[in-house]
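This briefing covers selected salt bridges, a surface patch and a pocket. The structure is shown first, and the points follow by topic.

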Amino acid sequence: MKEAISVAVNDSARAVEQLNTEESLTFIAKTAEMIAEAFNKGNKVIVAGNGGSLCDAMHFAEELTGRFRGDRMALPAIALADSSHITCVANDFGFDSIFSRGVEAYGKPGDIFVGLSTSGNSPNIIKAFDAAKERELITVSFLGKDGGKLKGFADAELMISGFKTSDRVQEAHMTAIHIIIEMVEKILFG
């Protein structure tokens, strides 16, 4: 069992190590700067994902609205995770519309839409990106594997490749999210 654990730890480290490439470092810096600028202009961040990626979306939002490393003002972020919204929209419009309807409801030009999809092929995330572009939101994608249909679509894109399953991709995504929030705090609060 220890050998299997060691393999898993090494795989996780290999996923996170992808954040230390020039492309990923540029993504993290650019995303932190875009988010800080949006907050300075009175805009917000809207985040969405499915399953574990929705949990990461909620974690992203709560770190901004709550507290990350120290006390500071709350920053406007919302995860599209309300169960009554999701079930209402899924029932009335179909599951593919659960996030795009949230973007329609809350998104304004200059806001930032962040979509997390380990495959890049989730129809509801793709539709949300379409709605975000239509409404002139800045878009950020956290992708995995080969990026799927969303590859090259967002204004800023992170792709964690080389893994067949979502768990390692999500671990690297969460690390990137924490670093982005750390950088946003440095930009806004010193």
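With a relative accessibility of 59%, lysine 41 counts as exposed, because that value lies over 50%. The model described here is predicted. Lysine 41 takes part in a salt bridge with glutamate 37, and a search of the whole structure finds 11 salt bridges.

**Salt bridge between glutamate 37 and lysine 41**

- The side chains of glutamate 37 and lysine 41 meet at 2.9 Å, N to O.
- Glutamate 37 is partly exposed, at a relative accessible area of 44%, whereas its partner lysine 41 is exposed.

**Salt bridge within helix 1**

- Aspartate 11 and arginine 14 are joined through their side chains by a salt bridge of 3.2 Å, N to O.
- Both aspartate 11 and arginine 14 belong to helix 1, where 3 residues, or about one turn of the helix, set them apart.
- Aspartate 11 is partly exposed, with 24% relative accessible area, and arginine 14 is likewise partly exposed, at 42%.

**Salt bridges in helix 7**

- Arginine 168 and glutamate 171 form a salt bridge in which the closest N and O atoms are 2.7 Å apart.
- The two residues lie in helix 7 (residues 166-189); because they are 3 residues apart, arginine 168 and glutamate 171 are separated by about one helical turn.
- Arginine 168 has a relative accessibility of 14% and therefore counts as buried, the cut-off being under 20%.
- Glutamate 171, by contrast, is partly exposed, with a relative accessible area of 29%.
- Asp167, Arg168 and Glu171 are joined into one network by salt bridges that share partners.

**Nonpolar surface patch**

- Met1, Ile5 and Val9 make up a nonpolar patch on the surface, and their accessible area together is about 360 Å².
- Within this patch, isoleucine 5 is partly exposed, at 46% relative accessible area.
- Isoleucine 5 is located in helix 1, which spans residues 2-17.

**Largest pocket**

- The volume of the largest pocket is about 170 Å³.
- Its lining consists of Gln18, Thr21, Glu23, Ser24, Phe27, Glu157, Leu158, Met159 and Ser161.
- Helix 2 (22-40) and strand 5 (156-160) are the elements that give two or more residues to the lining of the largest pocket.
- Sorted by class, the lining of the largest pocket holds 3 nonpolar, 4 polar and 2 charged residues.

Notes: Residues are numbered from 1 along each chain as its sequence is written. This is a predicted model: local features need pLDDT of at least 70, side-chain atom pairs count only at pLDDT 80 or more; totals for chains, interfaces and linings use all residues. Side-chain values use heavy atoms; hydrogens and water are left out. Patches are made of residues with over 30% relative accessible area and no salt bridge: like charges are joined within 9 Å, nonpolar side chains (Val, Leu, Ile, Met, Phe, Trp, Tyr) within 5 Å. Accessible areas come from the Shrake-Rupley method with a 1.4 Å probe; for residues, only the protein chains shown count as cover. A salt bridge is a side-chain nitrogen of Lys or Arg within 4 Å of a carboxyl oxygen of Asp or Glu. Helices (H or I, at least four residues) and strands (E, at least two) are DSSP runs, numbered from the N terminus. Buried means under 20% relative accessible area, exposed over 50%, partly exposed in between (1.4 Å probe, protein chains only). On a 1 Å grid over the protein atoms alone, a cavity is a set of points where a 1.4 Å probe fits but cannot get out, and a pocket is an open set with protein on both sides within 12 Å along at least five of seven lines; lining residues have an atom within 4 Å of a point. Grid points are joined across faces, edges and corners, and a volume is the space filled by probe spheres set on the points. Ala, Val, Leu, Ile, Met, Phe, Trp, Tyr, Cys and Pro count as nonpolar, Asp, Glu, Lys and Arg as charged, and the others, Gly among them, as polar.
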